[in-house]
Amino acid sequence: MTAHPADRQAALDIVRPLRRAGHEAWFVGGCVRDELLGRTPREFDVATSAHPEQVTALFRRTVCVGAQFGVVIVVARGGEVEVATFRSDGAYVDGRRPTEVVYSDPLQDAQRRDFTVNGLFLDPETGEVLDLVGGRADLEAQVIRAIGDPEARFREDKLRMLRAVRFVATHGMTLDPATRAAIED
């Protein structure tokens, strides 16, 4: 499914009230990567300093799909936008999800993400990109690189290995040597 301009507008209509209420709010992840690559994002995600209960208080139509992980779906303009509180993750014991999360800031949030190209934040109003993990350089070099220690990233969430291969196949990118070695191991 391809995002439409209305989908971007729906996400922007979520960022603005969050900011008016005194919260930090950015587009994050794949939508930022895709926009910087000149592609139309499939969906738009928002990262914020607002906690789930603050998000649900600001918007009429919300679905708490992962409030324990700081994630709320906001229904706006007929679309659904995932709004996630900045967080750092606790231990991963099942190879897929953390046992707990701690609300944090953009730096901690970026460092818990899978790949540098997905750890970017975008101010949708000004175009400012917040790059705390070297994602812009990797986008320009067309490289998929795990954030931090690739082996640790893949132990946390084994699905990340498949995502890396998918990005290489669908985006024409190459794997960073350390990321490739961790997948092969």
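Colleague: How much surface does the protein chain expose, and what share comes from carbon and sulfur atoms?

Modeller: About 9200 Å² is exposed, and carbon and sulfur atoms supply 49% of that area. Keep in mind that this is a predicted model.

Colleague: And what percentage of the residues count as buried?

Modeller: Of the 185 residues in the protein chain, 49% are buried.

Colleague: How does the radius of gyration sit against a compact globule?

Modeller: The two agree, because a compact globule of 185 residues would come out near 16 Å and the protein chain has 16 Å. The C-alpha trace spans about 45 × 35 × 25 Å along its principal axes.

Colleague: What about charge? How many positive and negative side chains?

Modeller: There are 24 positive and 29 negative side chains. The centres of the two sets lie 4 Å apart.

Colleague: Switching to secondary structure. How many helices and strands?

Modeller: The protein chain has 8 helices and 11 strands.

Colleague: What share of the contacts is long in sequence terms, at least 24 apart?

Modeller: Take contacts between residues at least 6 apart in sequence: 57% of them join residues at least 24 apart.

Colleague: Let's do β5. Is that strand mostly covered or mostly open?

Modeller: Mostly covered. β5 runs over residues 79-85, and 5 of its 7 residues are buried.

Colleague: Which way does β2 run against β5?

Modeller: Parallel. β2, residues 45-48, pairs with β5 over 4 bridges. One of the bridge partnerships is T48 with T85.

Colleague: And β4 against β5: parallel or antiparallel?

Modeller: Antiparallel. β4 covers residues 71-76, and 6 bridges join it to β5. There, V75 has E80 as its bridge partner.

Colleague: Back to T85. Buried or exposed?

Modeller: T85 has 2% relative accessibility, so it counts as buried. The residue lies in β5.

Colleague: What does T85 touch, leaving aside its neighbours within four places in sequence?

Modeller: T48, S49, A50, H51, P52, G70, Y103 and D109. T48 in that list is also the bridge partner of T85.

Colleague: Now β1. Which residues point which way?

Modeller: β1 is residues 25-28. A25 and F27 point one way, W26 and V28 the other, and all are buried.

Colleague: Why would they split like that?

Modeller: Because side chains in a regular strand alternate between the two faces of the sheet.

Colleague: Which strands does β1 pair with?

Modeller: β1 pairs with β2 in the antiparallel sense over 4 bridges. β1 also pairs with β8, residues 120-122, antiparallel over 2 bridges.

Colleague: Where does F27 come in?

Modeller: F27 has a bridge partner in each. In β2 the partner is V46, and in β8 the partner is L122.

Colleague: Different topic. Where is Q142 found?

Modeller: In the loop between α5 (135-141) and β10 (143-144). Q142 has a positive phi of about 60°, although it is not a glycine.

Colleague: How accessible is Q142?

Modeller: Its relative accessibility is 26%, so Q142 counts as partly exposed. The cut-offs are under 20% for buried and over 50% for exposed.

Colleague: Last one, L107. Which helix does it lie in?

Modeller: L107 lies in α4, residues 106-111. With a relative accessible area of 35%, L107 is partly exposed.

Colleague: How far is L107 from L130 in space?

Modeller: 9.5 Å, C-alpha to C-alpha. In sequence L107 and L130 are 23 residues apart.

How values were computed. Residues are numbered from 1 along each chain as its sequence is written. This is a predicted model: local features need pLDDT of at least 70, side-chain atom pairs count only at pLDDT 80 or more; totals for chains, interfaces and linings use all residues. Side-chain values use heavy atoms; hydrogens and water are left out. Buried means under 20% relative accessible area, exposed over 50%, partly exposed in between (1.4 Å probe, protein chains only). Two strands pair if DSSP finds at least two bridges between them. The radius of gyration is taken over C-alpha atoms; the globule rule is 2.2 Å times the number of residues to the power 0.38. Contact means heavy atoms within 4.5 Å. Accessible areas come from the Shrake-Rupley method with a 1.4 Å probe; for residues, only the protein chains shown count as cover. Lys and Arg count as positive and Asp and Glu as negative; His and the chain ends are not counted. The place of a charge is taken as NZ of Lys, CZ of Arg, CG of Asp or CD of Glu.
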